[in-house]
Each structure stands twice: as C-alpha cells, then as structure tokens.
Amino acid sequence: MTEATTGDAPSKPGPAYAVLAEQLRSRILSGELPQGARLPNDTELTAEFGVGRSTIREALRSLASQNLITTTRGVTGGSFVASPSIGHISANLETGVALMAAAEAVTVDQLMEVRNLMEVPAAGMAAFRRTEEQLDELRAAIFDPKGIQGPDTYAKNQEFHLVLLRATGNPLLELITAPVFRVLATRFGRDHAPGGFWHCVDHDHRAILEVVAAGDSMAAIDLMRRHLDHLGDSYRRMDRLRTE
C-alpha cells in the first residue's frame, strides 16, 4: 500500500546554507552561544553539518544581515555573536511597522493605541526614575514653535519622547515604542501638519517636562495621555487628506 500524498506532508528543509543559518541562529537566541562567543570555525562546522565552505559563507552572511554576528579577519579573527543594539533592533522593527502601514495593514488608530499603551505609563515611570542628566536632555529637546519647522524640529520632537522612554530604565519600552511614532511622524507628513500643530506639541512638551521635573507621576500620566490625544487627532486629519 503506497503512502498517500497530502497537504500534511513535511516541507522541504530548504537550501543547505539556510538550514545551517537556522541551526546557528537557534543556538544564539537560546543563549547556547552567548554574546561575544566565537562561532565554530569552518572545519568544525563542516565536521558537524557535512557542508562545504561556500555553504558556511552564505550562512554567515545571512546571520550577519540579521545583526546576529560580526566577523573580523586576521589571526584572532572569526565570527562572533554580536552585542544586542537597541538601534539595530529598533530599525528592523521600524521597517516592519512601516511596511504594514504602507500596505494599510494597520491604521492610525491602531498605531496610536500602541503609543498610548506604552508611553502613558512610561511618562509616570519617567517622573519617578529620571535623572538630572535626563532632565537636561529633555530641556535640550524643547524647540521654538514660532519659526519655520524643519529637520531640527522633527529630531527634537522625537528626542523628547525617546528621553522619556529611556528615563524609565526599561530599554524594551524604547525598542517597542520608538518605531511606531517614527512611522507615524514620517508617513503622515509632518510638512503638512495642520495649523497650530507645532505650537500644541511645544505646549504639551513644556507641561510634561515641568511635572516630570517635579516628580509628579500622576500628572505626567495625565498630560501624556492628553498629548497623545492631540497627536492622534492631527494624524487622523493628515491621513484623511492623504487618501482624498
């Protein structure tokens, strides 16, 4: 009796380099190969997996493209497990969120919902945990809304929110939230913001800075919620203009 072919048949494992890359990736993410650890050399990988050098090179390129390893040359060179970088991980996440927004797989309301879930409690935590250095950074991110707005204004606007997230002492908050507000800010045309937008942002930032400096967590939570409500209204208007 022959075995029936069905949709439940196991899929092919894929190219040899992809299989090797996945094996090494699993070891890295499980902690079996910790940060800074040197990966097995070509001879060891060939002995373990039965693959040639070209396959190993392709696998290492794949891991490097995911920022999982770094490779150096020379006598002491080799491939090493990379140190985690919030910047790299956040940039990859931002790309994914931007693709979803471009494909209209997520809405402005959904993006703002994530910001509210993260940034509102984060503002309260920042008021409780912030350092004097972080307060100075928040003050440096305040801008003049009266002039013509450009890249410097956009950068300071982002930096204000980033500093608040960093002030919580939890790097995951910045990692998860920053890509969302970057996508919102770039996708919905800051150059075409409604009248009074930047004055409102400036007013809200100054008010939030004041209560964070005073260590008033509850006021910081309330003001951040109001600030994100203001931003959400503006982004929705910009989104409607974009689609008309």
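This tour moves from an annotated N-terminal stretch with its strand hairpin to three helix contacts, naming at each stop what to select.

The model is predicted, so that local features need pLDDT of at least 70 and side-chain atom pairs count only at pLDDT 80 or more, whereas totals for chains, interfaces and linings use all residues. Residues are numbered from 1 along each chain as its sequence is written, and side-chain values use heavy atoms, with hydrogens and water left out.

**Residues 14-84**

Select residues 14-84, where UniProt, in an unreviewed entry, places the feature "domain: HTH gntR-type"; such annotations may be inferred rather than shown by experiment. Over this stretch the chain is 51% helix and 11% strand, and its end C-alpha atoms lie 28 Å apart. Helices (H or I, at least four residues) and strands (E, at least two) are DSSP runs numbered from the N terminus.

**The hairpin**

Next, select strand S1 (residues 69-72) together with strand S2 (residues 78-81), which pair in the antiparallel sense over 4 bridges, pairing being called when DSSP finds at least two bridges between two strands. Ile-69 has Val-81 as its bridge partner in S2, and Thr-70 stands opposite Phe-80. The two strands form a hairpin with 5 residues between them, and in the turn Gly-74 has a positive phi of about 105°.

**H4 against H8**

Move on to helix H4 (residues 86-102) and helix H8 (residues 171-187), whose axes are 8 Å apart and which pack at an angle of about 40°; axes are lines fitted to C-alpha atoms over the stretch in contact, and angles run from 0 to 180 degrees between N-to-C directions. H4 is therefore oblique to H8, given that angles under 35 degrees count as roughly parallel, over 145 as roughly antiparallel, 65 to 115 as roughly perpendicular and the rest as oblique. Among the residues in contact (heavy atoms within 4.5 Å) are Leu-93 and Val-97 in H4, and Ile-176 and Arg-182 in H8. By class, this contact has 13 nonpolar, 1 polar and 4 charged residues, where Ala, Val, Leu, Ile, Met, Phe, Trp, Tyr, Cys and Pro count as nonpolar, Asp, Glu, Lys and Arg as charged, and the others, Gly among them, as polar.

**H5 against H8**

Keep H8 selected and add helix H5 (residues 108-129), which packs against H8 at an angle of about 135° with the axes 10 Å apart, an arrangement that makes H5 oblique to H8. The residues that meet include Leu-111, Met-118 and Met-125 in H5, and Val-180, Phe-181 and Leu-184 in H8. This contact of H5 with H8 has 12 nonpolar, 1 polar and 2 charged residues.

**H7 against H9**

Finally, select helix H7 (residues 151-166) and helix H9 (residues 197-213), whose axes come within 12 Å and cross at roughly 30°, and which are therefore roughly parallel to each other. Tyr-154, Phe-160 and His-161 are among the H7 residues that meet H9, where Trp-198, His-205 and Leu-209 are among the partners. The residues of this contact divide into 8 nonpolar, 4 polar and no charged.
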